[in-house]
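Colleague: I am new to this structure and should be grateful for some guidance on reading it. May we take the features in turn?

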Amino acid sequence: MWFSRLLQRLFPPAPTPAALYLYLAFALAGSIVLIVALHRLLGPRGRRWLIVFVTFIAGLFFGLEYFYPVHGDPEKNFLTDWIEPVSVMLTVVGALTVGLGIYSLFQVHGRALAQRRPGWHNSLAFFLATFAMLVFGLWEHYLHLPQPPPDVLPWPKVVYEILFNGLFAPLQAATFSLLAFYIASAAYRAFRVRTGEATLMMAAAFIVMLGQVPFGAWLTSFIPADSPAAFFRLEMLGEWVLRWLNTPAQRGIIFGIAVGALAMSLRIWLSLERGTFFSEQS
Amino acid sequence: MGSLEHANWFMRLLFLSLCTIIVASVLLAQRGREMFIRRIPGLTAIEEAVGRATEMGRPIFFSPGLDSINIVTLQALAILSYIVRLAASRATRIIVGLRSPTVFPIAEESVREAYDAAGRPENFRPEDVRFISDEQFAYALGAVGIMAREETATNFLFGAFYAESLILAENGRALGALQVAGCPEPTQIPFLIATCDYVVIGDEYYAASAYLTREPTLTGSLVGQDICKAIVIALILLGVGLATILAPDRNFLLTWLGGGG
């Protein structure tokens, strides 16, 4: 394809790692210049039209790739080969916004620290943690340790291990385990028998929960597994509630969501979602 | 069944029909046809929730969920825009906590524009649109920290939530905030129903911007969406009927769905 050949001629693979970093620096600088130029040159109306145009082209690309007839093995059309480069491009754009997120954090916590607002020590902890992870994370990365690692690790690697596996990972696990208590308190509130619906939900939950544990199976184990009444064994009844009552209801919700998402996608693609992202409806 | 990485002819026909119905409904609404929208309590409660924060003189917390930029987050930002306008017109502060750095600049711009639209650009505080963390549970704890420190009167949780939904909503409830949530994730809806005062479920989530703004374009799209839903229900009923009376190799609907492209 002529466009592919043109791109390969314009952007040949970097011959050396140093050249790759140079290309990346040029690409980054070029992108910044382009964004600043567009920001300066285009007024609000121009920016709006640019967004409308880019949104339409992006939607058209992914839509066409899905709907255009495919041929061959593996099945593909004239756009399929472009899906991966475009997805990588979107990832790169997304990665650039991480800087904005970090800037926001520095702004909020820097102000709290400078003005000694209540809880300023939390902001100090944020800066210390961020810089420690940044310094030791990069340091550890560029140590280029052999695999398997040596018995005695260099001290920057030890500090990194303490920070990540000794502090960060257990904190995440502790937060996740808190969910058990939150589920218990939410379930208590939801299952209090106050209305007809709550009673029904309580009964269904009771059957499903008992059906999942050995005690539940033991309770109805007197019903022979091969008898016509085997359906009333708690593990069978629980499975029936999950499979024939819960799953259709969930699928019904998912169908509704899918149709809603289609309508929303169309509104975004055709820039009809006025009054929210683009402009007030005239 | 064939792979659905690419559409087959039945999918093309179905998508084209559904898209045509939605666009036709939008055009009809734009030409002035009156369209009825049923009452959705969760969305009606938004005004009450903002009013509560105004009366108590305390801020509002808004979370647009955990996802990066996708259709769910864009809908959450549309709802955010409406809530900010409402809150700004009543001089009520709103704090937005973000997990995705990609969403951050869009949310910031959306909030800034909403303050402008409400005629209160001077009330916009850039530090009120905050990136918290891109780690799921760190985000949840950061958001709960904001709810506790700022003593928010109302929490809005609109967007894609996962395991952390209960941490956010249960703590918000314990702190005494009125909570309105909307999530298209079926696994999280039960948790939100158990912990929030009002919950928008399923396709109601995508009806939000039309319901709140009542703009003809969006209302038309919502009505088109309902017609599409009726068609999908009819197809399901047809599928159930055919699967009941026909053998799988003679079920033409099954053949169409998985047929060659």
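Colleague: Across which strands of chain B does helix α5 (residues 136–150) lie?

Modeller: Please keep in mind that this is a predicted model. To describe a helix on a sheet, one names the strands beneath the helix and then an angle to one of them. Helix α5 of chain B lies across β1, β2 and β4 of chain B, and runs at about 165° to β2(B). Helix α2 (residues 41–56) of chain B is another case: it lies across β1, β4 (154–160), β5 (178–183) and β6 of chain B. The angle between helix α2 and β5(B) is about 145°.

Colleague: What is the order of the strands in the open sheet of chain B?

Modeller: A sheet is read from one edge to the other, strand by strand. Here 6 strands follow the order β3-β2-β1-β4-β5-β6, and their pairing is parallel. The edges are formed by β3 and β6 (198–201) of chain B; each has a single partner strand, so one side of each lacks a neighbour in the sheet. From one strand to the next, the twist averages 15°.

Colleague: How many bridges join β2(B) to strand β3 (residues 129–131) of chain B?

Modeller: One looks for the bridges first, and then for the residues that form them. Between β2(B) and β3(B), which run parallel, there are 3 bridges. B:Gly97 has B:Arg130 as its bridge partner in β3(B), while B:Val96 is partnered by B:Val129. Strand β1 (residues 60–65) of chain B also pairs with β2(B) in the parallel sense, over 3 bridges. In that pairing, B:Ile60 stands opposite B:Ile94 of β2(B).

Colleague: Which helix of chain B joins β1(B) and β2(B) in a β-α-β unit?

Modeller: For such a unit, one follows the chain from strand to helix to strand and notes the hand. Helix α3 (residues 71–89) of chain B makes a right-handed β-α-β unit with β1(B) and β2(B). The chain then crosses from β2(B) through helix α4 (residues 103–117) of chain B to β3(B), and this crossover is right-handed.

Colleague: Why is strand β2 (residues 94–98) of chain B described as largely enclosed?

Modeller: The reasoning rests on counting neighbours: a residue is buried if 20 or more other C-beta atoms lie within 10 Å of its own. In β2(B), 5 of the 5 residues are buried, so the strand is largely enclosed by the rest of the structure. B:Ile94, B:Val96 and B:Leu98 point one way from the strand, whereas B:Ile95 and B:Gly97 point the other way. For chain B as a whole, buried residues make up 52% of its 261 residues.

Colleague: Into which domains is chain B divided?

Modeller: A domain may draw on separate stretches of the chain. Domain 1 of chain B covers 9–37 + 216–258, and domain 2 covers 41–213. Their C-alpha centres lie 32 Å apart. The contact between them takes 7 residues from domain 1 and 6 residues from domain 2. On the domain 1 side, these comprise 3 nonpolar, 3 polar and 1 charged residues.

Colleague: How many residues does the contact take from chain B and from chain A?

Modeller: An interface is read by counting each side and then asking where its residues come from. The contact takes 52 residues from chain B and 50 residues from chain A. On the side of chain B, the largest share, 7 residues, comes from helix α9 (residues 216–245). By class, that side divides into 29 nonpolar, 15 polar and 8 charged residues.

Terms used
Residues numbered from 1 in each chain as written. Chains lettered and ligands numbered in written order. Predicted model: local features only at pLDDT ≥ 70, side-chain atom pairs only at ≥ 80, totals over all residues. Domains from an automatic or database assignment. Contact = placed C-beta atoms within 7 Å. Nonpolar A, V, L, I, M, F, W, Y, C, P; charged D, E, K, R; others polar. Helix = DSSP H or I, 4+ residues; strand = E, 2+ residues; numbered from the N terminus. Buried ≥ 20, exposed ≤ 12 C-beta atoms within 10 Å, placed from the backbone. Pairing = 2+ DSSP bridges. Right-handed = clockwise from strand over helix to strand, strands pointing away. Axes fitted to C-alpha atoms, helices over the stretch in contact; angles between N-to-C directions.
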